[in-house]
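Student: I'd like a close look at one part of this protein, but I need the bigger picture to place it in. Could you walk me through it slowly?

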Amino acid sequence: MAPLARNFTIRNVLLAGILLMLAGDFMFALNDAMGKWLVASFSVGQVVLIRSIGAFFVLGPMIANQGAGKLFQMERPILQFLRVVATTLDTGLFYAAVVYLPLADVMSFYMAGPIYVAALSHLLLGEKVGWRRWLAILVGFCGVLIILKPSSAAFSLASTYALIGSVAFGFAIILGRRLRGTSDTTLVTWQTIGTLIVGGVLTIGAWRTPTALDFGAMLLLGVVSCAAHLMITRALKLAPASTLAPLHYSLLLWAVVFGLAFFGDVPSTRILVGSAIVVLAGIFIFHRQKVVETVVPPENVPKGVN
């Protein structure tokens with residue numbers, strides 16, 4: 001009976017991890033759709049500022065539990081600063097892109113995060129990447145080019161925002177891997193402070209007094225994003241990253257659904273084809289990491305883009 005009970009427990013824990021990952025991704029997609037709705041009426045800086053304040057409703061108890069003093073006991077301060085810069089670019093450019101582009105289009109760029117990470121890991125961390133993964137990286141970049149459609153007639157500033165933001169997202173993941181000794185609370189708090197400061201600066205001269213509903217929605221952005229991040233972090237402790245990684249691409253599905261339901265955005269064939277290539281390349285990269293028995297760090301799983 002003991003082996004049966006143990007197997008039953010393992011299956012339940014694995015199921016809990018899968019459900020938490022799916023729930024976290026749904027909340028991130030909802031957060032992104034709300035953000036797109038808000039930046040249609042308010043400046044990106046104002047949304048980022050109030051969103052960052054809202055995040056402290058979740059971070060406050062975590063900071064109290066850890067101790068505020070530990071926020072300043074950081075390893076590698078320069079890398080910490082660079083990570084804050086990367087995450088701030090990631091968040092700000094995402095919202096700047098969705099002002100002009102459909103949600104699914106922007107999310108397609110960010111789904112290339114694992115591909116950037118695989119390439120940057122070789123260049124910045126000295127990790128060995130076999131020829132199969134390099135081929136997958138090349139195929140994934142082809143998918144990004146299909147999404148980007150880099151021609152003089154179609155290349156847009158909004159697409160550039162999404163591309164640079166997604167690369168910044170990849171750098172943030174790499175820097176997070178270099179800072180594994182730092183607690184999640186410290187990492188998320190400083191990146192939130194970074195977006196708070198930049199949002200405040202960008203809001204100067206662009207403040208528009210929100211209604212109570214709009215103000216509450218902007219605060220809710222931070223709450224939802226932090227809660228989703230915690231769900232995914234917990235999921236990665238309950239189930240293998242290689243099992244959960246493919247599930248994260250459900251974000252793209254939700255982006256299509258929310259974009260169609262709330263904004264009437266129908267993704268073009270080009271976006272769907274490019275996204276399919278990016279997703280398949282990303283899944284193959286995770287598969288090869290598992291085959292060569294390389295530990296897939298939790299940071300390798302593309303978390304919510306903001």
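What percentage of the 306 residues in the protein do the buried residues make up? And, for the close look, which residues of α8 are buried?

Tutor: Happy to! One thing to keep in mind is that this is a predicted model. Let's start with your first question: buried residues account for 50% of the 306 residues in the protein. The protein has 12 helices and 0 strands, so along the sequence the pattern is simply α-α-α-α-α-α-α-α-α-α-α-α, with α standing for a helix. The chain also brings distant stretches of sequence together: of the contacts with a separation of 6 or more, 89% are between residues 24 or more positions apart. As for the outside, the protein exposes about 14100 Å², and carbon and sulfur atoms supply 72% of that.

Now for your close look. Helix α8 covers residues 184-203, which makes 20 residues. Its end C-alpha atoms are 28 Å apart, and that agrees with the 28 Å you'd get at 1.5 Å a residue. The buried residues of α8 are T185, T186, L187, V188, T189, T192, G194, T195, G199 and T203. What do they pack against? The buried residues of α8 pack against α2, α3 and α9, the last of these being residues 212-238. Just after α8 comes G205, and its phi is positive, at about 80°.

Let's follow two of those partners, α2 and α3. Helix α2 runs over 44-66 and α3 over 77-98, and R76 sits in the loop between them. Here's a quirk: R76 has a positive phi of about 50° even though it isn't a glycine. Most residues other than glycine have a negative phi. R76 is also partly exposed, with a relative accessible area of 43%.

Moving into α3, you'll find L82 there. L82 has a relative accessible area of 41%, so it counts as partly exposed. L82 also belongs to a nonpolar surface patch of about 480 Å², which it makes together with I78, F81, V85 and L89.

For comparison, try helix α11, residues 250-263. Its 14 residues reach 19 Å from the first C-alpha to the last, close to the 20 Å expected at 1.5 Å a residue. The buried residues of α11 are S250, L251, L252, A255, F258 and G259. Take S250 as a worked case: its relative accessibility is 15%, and because buried means under 20%, S250 counts as buried. What does S250 touch? Not counting residues up to four places away in sequence, S250 touches L22 and D25. Just after α11 sits G264, where phi is positive at about 70°.

Helix α1 takes in residues 2-39, and L30 is found in it. L30 counts as partly exposed, at 28% relative accessibility. Its C-alpha atom is separated by 9.2 Å from that of S225, although the two residues are 195 apart along the chain.

Helix α12, residues 269-291, has a couple of such long-range pairs too. One residue there is R270, which is partly exposed at 29% relative accessibility. The C-alpha atoms of R270 and D105 are separated by 9.9 Å, with those positions 165 residues apart along the chain. Leaving aside its neighbours within four places in sequence, R270 is in contact with I146, I147, L148 and K149.

G274 is in α12 as well. Is G274 buried or exposed? At 0% relative accessibility, G274 counts as buried. G274 touches G143, I146 and I147, again not counting residues up to four places away in sequence. Its C-alpha atom and that of F109, 165 residues apart along the chain, are separated by 9.4 Å.

Last stop: cysteines. How many disulfides does a search of the whole structure find? The search finds 0. C142 is partly exposed at 41% relative accessibility, whereas C226 is buried at 9%.

To come back to your helix: α8 has its buried residues packed against α2, α3 and α9. Try finding those helices on the structure, then look for R76 in the loop between α2 and α3.

Key:
Residues are numbered from 1 along each chain as its sequence is written. This is a predicted model: local features need pLDDT of at least 70, side-chain atom pairs count only at pLDDT 80 or more; totals for chains, interfaces and linings use all residues. Side-chain values use heavy atoms; hydrogens and water are left out. Helices (H or I, at least four residues) and strands (E, at least two) are DSSP runs, numbered from the N terminus. Buried means under 20% relative accessible area, exposed over 50%, partly exposed in between (1.4 Å probe, protein chains only). Contact means heavy atoms within 4.5 Å. Accessible areas come from the Shrake-Rupley method with a 1.4 Å probe; for residues, only the protein chains shown count as cover. The expected span of a helix is 1.5 Å times one less than its number of residues. Patches are made of residues with over 30% relative accessible area and no salt bridge: like charges are joined within 9 Å, nonpolar side chains (Val, Leu, Ile, Met, Phe, Trp, Tyr) within 5 Å. A salt bridge is a side-chain nitrogen of Lys or Arg within 4 Å of a carboxyl oxygen of Asp or Glu. A disulfide is a pair of cysteine sulfur atoms within 2.5 Å.
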